[in-house]
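Trainee: Got a minute? I'd like to go through this one with you.
Mentor: Sure, pull it up.

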Amino acid sequence: MNVLVNTCMNPWQENESIFEIGDLFRMIVFNCIGRIEDSVVKHRFILSGSFDERNEDESIFVEYQTGTDIPEHQYQVSAKVEGESRDDKESLRKYIQHCSENKISAVFETITPSYEESDKDVPNLYNLLHLTNWDQKISVKLVNDPEGNIVSLKVLDIPRYQRLDMSATVAYPEKQKYFIYGDANRTIMSHVMTKLPDIQHTVTLTGRPHSMTAIMQDLGVVVQLEGVEGTPLEIDGEVKDPFQRSCYEVTFVGELNTTIRTNVNIKDTAVFKTIQPSSA
C-alpha cells in the first residue's frame with residue numbers, strides 16, 4: 001500500500017490514505033468472495049424511503065435485512081428500486097399505504113428465479129442485484145400484504161453493497177459512523193455496522209445536509225457523528241437507539257479531501273434492530 005500511495009498519489013499526503021485504500025480493497029475482496037461462494041437463499045428488504053409525491057417519482061429506497069445466521073445474509077445493502085409494470089407500481093403503493101396506516105414495516109422477500117445448478121451465475125444476492133440474467137428485475141413477495149401479492153422490481157441504483165467483516169480483528173470505531181444517501185428530495189442515513197453485537201439503524205432526514213453536494217449524496221457518503229461513542233448504547237443489558245435527540249453534528253470528507261462539519265436533522269426512524277454475533 002505504501003508503494004501504491006507513493007507512486008500513484010501525492011507522497012506528502014497523510015498516511016491515512018493507506019488505511020482507506022486498504023479498507024476499500026478488503027471490502028471488494030469480501031464482496032467477490034460472496035459472489036463466488038454464496039448459495040441461493042431467500043433475502044428480505046425493508047422500506048427506507050417511500051415514494052416522492054412531490055414529483056410523482058415511482059421509485060423507493062430499500063435496506064437489506066441483515067442477519068448473521070448464514071453467510072448469505074451477512075450484508076449491508078442500500079438500493080433504489082421501482083415496480084416493473086404499472087400494476088406492480090400500483091400494488092407497491094397500496095402495500096406501502098397499508099403498512100403505514102397499520103404502523104408495520106413494509107418488508108419484501110425475494111422469490112428465487114429459475115436456474116440450473118450448473119449455471120455459471122446462480123441467483124445469489126450479488127447476482128440478483130447486479131446482473132441482467134433475470135431480465136433486470138427481481139420478483140418479491142409483499143410480506144405484510146393481506147392479499148399476499150407478488151411484484152417485480154427493477155433495480156435503479158445500489159449506493160451501498162458491503163459484506164460484513166466477521167473476523168475477530170474488527171473493532172468498534174471511536175465514534176458512530178453512518179452512510180448518507182438518497183436523491184434530490186429524499187435523504188436517508190443508515191448505520192455502518194462493524195463489530196458485533198451492533199445495530200441495523202436507518203433514519204430519514206429532513207433534507208440533504210448543508211455542504212454535502214447533490215452528487216455526493218447520490219453516490220453516498222460516510223459521516224462520523226460527533227459526540228456519539230462508537231460502541232452501541234446499552235441500558236440495563238439492552239442495546240438502545242443511539243439517537244437521543246433530533247439534531248446531530250457530523251463530519252465527513254468532501255470534495256478536494258476537505259473535512260466538512262455540518263448538522264443532520266432526523267425526521268423518522270425506518271429501521272432499528274440489534275444484530276447479534278452468529279451462534280454457529
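**Talking through the fold**

Mentor: Start with contacts: for pairs with a separation of 6 or more, 65% of the contacts in the chain are between residues 24 or more positions apart. Keep in mind that this is a predicted model.

Trainee: How many helices and strands does the chain have?
Mentor: Five helices and 14 strands.

Trainee: What does the radius of gyration say about the chain?
Mentor: A compact globule of 280 residues would have a value near 19 Å, and the chain has 19 Å, so the two agree. Along the principal axes, the C-alpha trace spans about 60 × 45 × 40 Å.

Trainee: And what share of the residues count as buried?
Mentor: 43% of the 280.

Trainee: Let's go inside. Which residues touch the most other members of the largest nonpolar core?
Mentor: F45, I60, V77, F108 and L125, out of 27 residues in that core. Elements that each supply at least two of its residues include β1, β2 (59-64), β3 (75-83) and α3. There is also a second, separate core of 20 residues, with M212, V221, V239 and V264 among them.

Trainee: Back to F45. What does F45 touch?
Mentor: Leaving out residues up to four places away in sequence, its contacts include V62, V77, F108, L125 and L129. Polar and charged partners turn up too: E63, Q65 and T110 are among the residues F45 touches.

Trainee: How many cavities of 30 Å³ or more are there?
Mentor: One. About 90 Å³ of space lies in it.

Trainee: What lines that cavity?
Mentor: F45 is in the lining, and so are V62, A79, V81, F108, T110, L129, I138, V140, L153 and V155. By class, that is 10 nonpolar, one polar and no charged residues. β3, β4, β5 and β6 each give at least two residues to the lining.

Trainee: New topic, pockets. How much space lies in the second largest pocket?
Mentor: About 780 Å³. It has 31 lining residues, and S48, G49, S50, T204 and D268 are the closest to its centre. β1 (44-49), α3 (86-101), β8 (187-191), β9 (198-205) and β14 (259-275) each give two or more residues to that lining.

Trainee: How does that lining divide by class?
Mentor: 11 nonpolar, 11 polar and nine charged.

Trainee: Take S91. Where is S91 found?
Mentor: In helix α3. S91 has 22% relative accessibility, so it counts as partly exposed.

Trainee: Which residues does S91 touch?
Mentor: L142, N149 and V151, not counting residues up to four places away in sequence. S91 and N149 are 58 residues apart in sequence, with their C-alpha atoms 7.6 Å apart in space.

Trainee: Now the backbone. Where is the cis peptide bond?
Mentor: Between L196 and P197, with omega about 5 degrees. P197 lies in the loop between β8 and β9.

Trainee: What is phi of K103 near?
Mentor: 55 degrees, a positive value in a residue other than glycine. K103 is in the loop between α3 and β4.

Trainee: Is K103 buried or exposed?
Mentor: Exposed, because its relative accessibility is 76%. The cut-off for that class is over 50%.

Trainee: And what about phi of S211?
Mentor: Near 80 degrees, again positive and not a glycine. S211 is in the loop between β9 and α5 (214-219). With a relative accessible area of 38%, S211 is partly exposed.

Terms used: Residues are numbered from 1 along each chain as its sequence is written. This is a predicted model: local features need pLDDT of at least 70, side-chain atom pairs count only at pLDDT 80 or more; totals for chains, interfaces and linings use all residues. Side-chain values use heavy atoms; hydrogens and water are left out. On a 1 Å grid over the protein atoms alone, a cavity is a set of points where a 1.4 Å probe fits but cannot get out, and a pocket is an open set with protein on both sides within 12 Å along at least five of seven lines; lining residues have an atom within 4 Å of a point. Grid points are joined across faces, edges and corners, and a volume is the space filled by probe spheres set on the points. Helices (H or I, at least four residues) and strands (E, at least two) are DSSP runs, numbered from the N terminus. A nonpolar core is a set of buried Ala, Val, Leu, Ile, Met, Phe, Trp, Tyr and Cys residues joined through side-chain atoms within 4.5 Å. Buried means under 20% relative accessible area, exposed over 50%, partly exposed in between (1.4 Å probe, protein chains only). Contact means heavy atoms within 4.5 Å. The radius of gyration is taken over C-alpha atoms; the globule rule is 2.2 Å times the number of residues to the power 0.38.
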